[in-house]
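Open your viewer and get ready to click along. We'll make a few stops, and each one tells you what to select next.

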There are 2 protein chains.
Amino acid sequence: MRRDIFQAIADPTRRAIIALIALQPMTPNAIAENFHTTRQAVSKHLRMLTECDLVKQEYQGREIYYSLEIEKMKEIDQWLDQYRKIWESRFNQLDQVLSTLKKQKK
Amino acid sequence: MRRDIFQAIADPTRRAIIALIALQPMTPNAIAENFHTTRQAVSKHLRMLTECDLVKQEYQGREIYYSLEIEKMKEIDQWLDQYRKIWESRFNQLDQVLSTLKKQKK
DNA sequence: TATATTTGCAACCGATTAGTTTCTTAATTA
DNA sequence: TAATTAAGAAACTAATCGGTTGCAAATATA
């Protein structure tokens, strides 16, 4: 089974779960109330998110609180970095063109 | 068929294609040479990437040059923004704790 | 004009996915 | 202690995915 962060965020329900538990830790039941699926389906998503370290569990009696492992999200940011460099350099090129045009006007 | 940018970057081959054509426009044949799959499989990936506007085509005779639509990559960056806020605020909180400790030492 | 090259599309195949229902385990509460 | 509640695991299903082979269309070249 492929189990990386890019696979994890590919599913819209999982992205919604991530957004929910980013705000505060939640139990599977509480999370499932926000979706039109069964608790078991949410549980499977949580399992996958846990397996790729995007989410951590905290046991409290028979309840389990899930919360976002924000550090893991940085991996996406790091991957994006190579492309950020590209769009920033393009922006700078545009900036140069604009300032050259400005100088010519003067 | 689901066809959004998060689905598009979920596959490792597609991420590799994106990285390749970010550097310079390439034809499907040239791209396929870099992978252990058929040209047709690459073609299917390119079709999907094109359908969600991550890639643009430029026709040149019977050849088609594919290149990255860097603007589209910003969408991931924008989605990440909500989480970037979280990890930056946590960092600031840590920063505050550290500076408080420093003051107490003095 | 005949042949070769570049490409996309359709049909098919096995594996994976996202969901369901059913069941078990463990903790709480009446 | 018995009933209830929270959660995960297993088995199943329909749909999708990533890949293949075979084909057709369009362009380039001999």
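Which residues are exposed on the other side of α4(A)? Before you hunt for them, keep in mind that this is a predicted model. Now select Lys44(A) and Arg47(A): those are the exposed ones.

Next, turn the helix around and pick Val42(A), His45(A), Leu46(A), Met48(A) and Leu49(A), which are buried. They sit on the same side of α4(A), because they cover an arc of only 160 degrees around the axis. An α-helix has 3.6 residues a turn, so residues three or four places apart point the same way.

What do the buried residues of α4(A) pack against? Colour α1 (5-8), α2 (12-23), α3, β1 (55-60) and β2 of chain A to see their partners.

Try the distance tool on the helix ends: the end C-alpha atoms of α4(A) are 18 Å apart, which agrees with the 18 Å that its 13 residues should span at 1.5 Å a residue. Just past the helix, stop at Asp53(A), where phi is positive, at about 60 degrees.

Now over to DNA strand D. Show Asn29(A), whose side chain has an N or O atom 2.9 Å from a phosphate oxygen of the strand. Ser43(A) does likewise at 2.7 Å. For a base instead, choose Arg39(A): one of its polar side-chain atoms lies 3.1 Å from a base oxygen of DNA strand D.

Finally, show the 24 residues around DNA strand D; Arg62(A), Tyr66(A), Thr38(B), Lys44(B) and His45(B) come nearest. Of the strand's atoms within 4 Å of the protein, 65% belong to sugar and phosphate.

Definitions and conventions: Residues are numbered from 1 along each chain as its sequence is written. Chains are lettered from A and ligands numbered from 1 in the order in which they are written. This is a predicted model: local features need pLDDT of at least 70, side-chain atom pairs count only at pLDDT 80 or more; totals for chains, interfaces and linings use all residues. Side-chain values use heavy atoms; hydrogens and water are left out. A residue is near a molecule or strand if one of its heavy atoms lies within 4 Å of it. A polar contact is a pair of N or O atoms within 3.5 Å; within protein, one must be able to donate a hydrogen and the other to accept it, and residues adjacent in sequence count only if both atoms are side-chain atoms. Helices (H or I, at least four residues) and strands (E, at least two) are DSSP runs, numbered from the N terminus. The expected span of a helix is 1.5 Å times one less than its number of residues. Buried means under 20% relative accessible area, exposed over 50%, partly exposed in between (1.4 Å probe, protein chains only). The arc is that of the directions from the helix axis to the C-beta atoms. Contact means heavy atoms within 4.5 Å.
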